[in-house]
Amino acid sequence: MESVGDVSFWVFGGFFSILTVLGNSLMMYLIISRKRLRNTINWFLFSLAVADLSVGLTYLPSLACESASFCSKCVTTPVRWLFLNLSMTNLCALTVDRYMAIVTPLKYAKHKAKRRHVFFISAAWILPFILHFVPFAWMYCTRMYTLLNIFYAVVLFAFKLPPYLVLFTVCLRTLYIAHRQKNRYSIRLSQLQFNGFSLNDSKCIRLRSRVTLFSEALGIIVFIFLICYAIDIARLLCFSLKCINYITWDVVYVQRILFICNSASNPFIYGFLKRDIRCELKRLIRRV
């Protein structure tokens, strides 16, 4: 039986929920209010911040509402999983876009960026709603438990594992190529300085090397995501193998905390490692 009075869970969950709301709200405010931040990469970050903010606003409050018997699980459970899946698909869209930009920069530049980004972001919001929220809400509310068990297996192998593996492989590939590019830019910069060029003449190479810093930030975000959602994958596997009774409530609590931590960590990583956002944060702090 679930322990409603688990104080540590509610304390840590509330703390990270507040961080999630504050951090992602600040990220959204900066991107909207600062014209220099309105570029294609940051629109992906804005979409991810909206999904993470939704997790912070709904995840723990919905659990508290269910525990107090004020809300129906028929409503809160599908909505809770919808926003978690939106966070996952938005991170996938961001990772794939950065992979294309770093691995195939010439082909990436040929296509119209606005159409591609609108397509990726729209797909990140539409697919979880159609593929998961609608069928899950229908089967969960009508208590079709037999179909629900089958649906868990389908979700695991068709909706959860593929993005999980794609994020892992694509992120590793992106970091590897970005590291090679960084080494090349460093060598070229040293050659230019040795041949007597000023730092302004080599500014373009310095700017290109910043791509690696964002790739490292993205790698940290994906790494945190993979850790946080590993228990989710394991629980779905237990549902499919009908051994869910072996999962204790302590594991469930850890899973829920990790979900919130994943949404809370993203804006702080951008703030420290993405140059343009870091600069705007410094300016905002100075004004305050």
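A residue is called buried when its relative accessible area is under 20%, exposed when that area is over 50%, and partly exposed in between. This definition is needed at once for glutamate 280, which has a relative accessibility of 2% and therefore counts as buried. The structure in which glutamate 280 is described here is a predicted model.

The overall architecture comes before the details. The protein contains 10 helices and zero strands, so that, by the way these elements are assigned, reading along the sequence gives the pattern α-α-α-α-α-α-α-α-α-α. Of the 288 residues in the protein, 45% are buried. Among contacts with a separation of 6 or more, 77% are between residues 24 or more positions apart. Several individual pairs, described below, show such links between parts of the chain.

The salt bridges may be considered next. The protein has six of them. One joins arginine 34 to glutamate 280, with the closest N and O atoms 3.0 Å apart. Arginine 34 belongs to the loop between helix H1 (7–33) and helix H2 (40–67), while glutamate 280 belongs to helix H10 (residues 275–287), so this salt bridge ties together parts that are 246 residues apart in sequence. Arginine 34 has a relative accessible area of 11% and is therefore buried. Glutamate 280, at 2%, is buried as well.

Glutamate 280 also forms a salt bridge with arginine 36, at 3.1 Å from N to O. Arginine 36 lies in the loop between H1 and H2 and glutamate 280 in helix H10, so here the parts tied together are 244 residues apart in sequence. Which class of exposure does arginine 36 fall into? With a relative accessible area of 45%, arginine 36 is partly exposed, because that value lies between the limits of 20% and 50%. These residues belong to a network of salt bridges that links Arg34, Arg36, Glu280 and Arg283.

Another salt bridge is formed by glutamate 66 and arginine 80, whose closest N and O atoms are 3.1 Å apart. Glutamate 66 is in helix H2 and arginine 80 in helix H3 (residues 73–103); the two residues are 14 residues apart, and the pair links distant parts of the chain. Both glutamate 66 and arginine 80 are buried.

The end of the chain that holds glutamate 280 also offers a helix contact. Helix H9 (residues 249–273) packs against H10 at an angle of about 90 degrees, and their axes are 6 Å apart. H9 and H10 are therefore roughly perpendicular to each other, because angles of 65 to 115 degrees are placed in that class. On the H9 side the contact is made by Tyr270, Gly271, Phe272 and Leu273, and on the H10 side by Arg275, Ile277, Arg278 and Leu281. Taken by type, the residues of this contact are five nonpolar, one polar and two charged.

The cysteines provide a covalent link. The protein has one disulfide, which joins cysteine 74 to cysteine 141 with an S to S distance of 1.9 Å. Cysteine 74 is in helix H3 and cysteine 141 in helix H5 (residues 113–141); they are 67 residues apart, and the disulfide links distant parts of the chain. The torsion about the S-S bond is about 120 degrees, so the disulfide is right-handed. Both ends of the bond are partly exposed: cysteine 74 has a relative accessible area of 28%, and cysteine 141 has a relative accessibility of 34%.

Why does cysteine 261 not form a bond with the closest cysteine sulfur? The sulfur of cysteine 261 is 6.2 Å from that of cysteine 228, which is too far for a bond, because a disulfide requires cysteine sulfur atoms within 2.5 Å. Cysteine 261 is buried, at 18% relative accessibility. Cysteine 238 is likewise buried, at 14% relative accessibility.

Helix H5, which holds cysteine 141, also contains histidine 117. At 5% relative accessibility, histidine 117 is buried. Which residues surround histidine 117, leaving aside its neighbours within four places in sequence? Histidine 117 is in contact with Thr40, Phe44, Asp97 and Tyr108.

How values were computed:
Residues numbered from 1 in each chain as written. Predicted model: local features only at pLDDT ≥ 70, side-chain atom pairs only at ≥ 80, totals over all residues. Heavy atoms only, no water. Salt bridge = Lys/Arg side-chain N within 4 Å of Asp/Glu carboxyl O. Helix = DSSP H or I, 4+ residues; strand = E, 2+ residues; numbered from the N terminus. Buried < 20%, exposed > 50% of the residue type's maximum accessible area, 1.4 Å probe, protein only. Axes fitted to C-alpha atoms, helices over the stretch in contact; angles between N-to-C directions. Parallel < 35°, antiparallel > 145°, perpendicular 65-115°, else oblique. Contact = heavy atoms within 4.5 Å. Nonpolar A, V, L, I, M, F, W, Y, C, P; charged D, E, K, R; others polar.
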